[in-house]
Amino acid sequence: MKIMVAIKRVVDYAVKIRVKPDKTGVETNNVKMSMNPFCEIALEEALRVKELGLASEVIAVSMGPAQCVDTLRTGLAMGADRGIHIETQTSLYPLSVAKIIKALVDVEKPGLLILGKQAIDDDCNQTGQMVAGLLNWPQGTFASKVVLDKEKQIATVDREVDGGLETLCLDLPAVITTDLRLNQPRYATLPNIMKAKSKVIKKFTPQELNVEIKSDLEVVEVTEPPKRKAGVIVSSVDELIDKLKNEAHVI
Ligand code: AMP
């Protein structure tokens, strides 16, 4: 069984985001970019499944500009067997990404598709659900535990939901999206970084996959959140209560 993992290149989680002066989006020039943290978890899970002998190959796919190859190389250094890059300069929204992933699934026929639960740049949390809909596959979203049964061809997925855990049993092939507590992704070791240089990354355009990228939504404006006012240090509990009552009006 092959496992396909979608990994997105995003602004690194530790970078302080700056909005472009023309308010069309977030500044990405000269900004550190990394693999989306939930995608690292997705890839780690695929690698663990393969290491348990339950999968034969892990394929990492990424969509976006030429620099996505760096993200794919990181994925290959973590242990993915090969990469697929869908190169486009056009802004991609979840439905376009889901259509591209579906087209790749039709070609590669993986038994399991793992995505992050959300990308930390757009916070959409839509792609996994959309691709499951397009493929008509069962989906286990926000997975915090995944157990595969090769014989029965099922995946048991624990999901973190409000107030507890929900356990689902999915027939394979299926789509899983990963939550934070699923695992702790590994670091790429130096020998594996070197090995990754000779692993194959295939390149396609959306047109070659017969996917038309058109957006159903338009970003009107991106603005920074209002600046927070400086805090004050109060000298007593009485003063605090007075401020909460008479200035903040919260009690
Ligand atoms: P989103 O729905 O945008 O929050 O993204 C959820 C997940 O979809 C990500 O964690 C990735 O696994 C996948 N994904 C979204 N956009 C891309 C992309 N451009 N390239 C690769 N994977 C993506």
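How many residues surround the ligand, and which of them are the closest? In this predicted model, the ligand is surrounded by 18 residues, and the closest of these are Ala6, Ala119, Asn125, Gln126 and Thr127. Two strands, β4 (57-64) and β6, each contribute at least two residues to the shell around the ligand, with β4 providing the largest share, namely 3 residues.

Three of the contacts to oxygen atoms of the ligand can be described individually. A polar backbone atom of Gly116 is placed 3.0 Å from a ligand oxygen atom, and an N or O atom in the side chain of Asp122 likewise lies 3.0 Å from an oxygen atom of the ligand. For Asn125, which is also listed among the closest residues of the shell, the corresponding distance, between a polar backbone atom and an oxygen atom of the ligand, is 2.7 Å. Taken on its own, the ligand has 480 Å² of accessible area, of which 98% is covered by the protein.

Gly116 also connects the description of the ligand to that of the strands, for this residue, which belongs to β6 (residues 112-116), stands opposite Thr178 in β10. Strands β6 and β10 run parallel and are joined by 5 bridges. A parallel arrangement is likewise found between β10 and strand β7 (residues 139-149), here with 3 bridges, and Thr178 of β10 is the bridge partner of Ala143. Thr178 is thus paired with Gly116 and with Ala143.

The surroundings of β10 can be followed residue by residue. In a regular strand, side chains alternate between the two faces of the sheet. On one side of β10, Ala174, Ile176 and Thr178 are buried, and on the other side Val175 and Thr177 are buried as well, so that both faces of the strand are covered. Because 5 of the 5 residues of β10 (residues 174-178) are buried, that is, each has under 20% relative accessible area, this strand is largely enclosed by the rest of the structure.

The surface of the model carries a nonpolar patch, which is formed by Val237, Ile241, Val250 and Ile251 and which together presents about 380 Å² of accessible area. Within this patch, Val250 is located in the segment that follows α6 (237-246). The relative accessible area of Val250 is 58%, and because exposed residues are those over 50%, Val250 is classed as exposed, whereas the residues of β10 are buried.

Note on methods:
Residues are numbered from 1 along each chain as its sequence is written. This is a predicted model: local features need pLDDT of at least 70, side-chain atom pairs count only at pLDDT 80 or more; totals for chains, interfaces and linings use all residues. Side-chain values use heavy atoms; hydrogens and water are left out. Buried means under 20% relative accessible area, exposed over 50%, partly exposed in between (1.4 Å probe, protein chains only). Helices (H or I, at least four residues) and strands (E, at least two) are DSSP runs, numbered from the N terminus. Two strands pair if DSSP finds at least two bridges between them. Patches are made of residues with over 30% relative accessible area and no salt bridge: like charges are joined within 9 Å, nonpolar side chains (Val, Leu, Ile, Met, Phe, Trp, Tyr) within 5 Å. Accessible areas come from the Shrake-Rupley method with a 1.4 Å probe; for residues, only the protein chains shown count as cover. A salt bridge is a side-chain nitrogen of Lys or Arg within 4 Å of a carboxyl oxygen of Asp or Glu. A residue is near a molecule or strand if one of its heavy atoms lies within 4 Å of it. A polar contact is a pair of N or O atoms within 3.5 Å; within protein, one must be able to donate a hydrogen and the other to accept it, and residues adjacent in sequence count only if both atoms are side-chain atoms.
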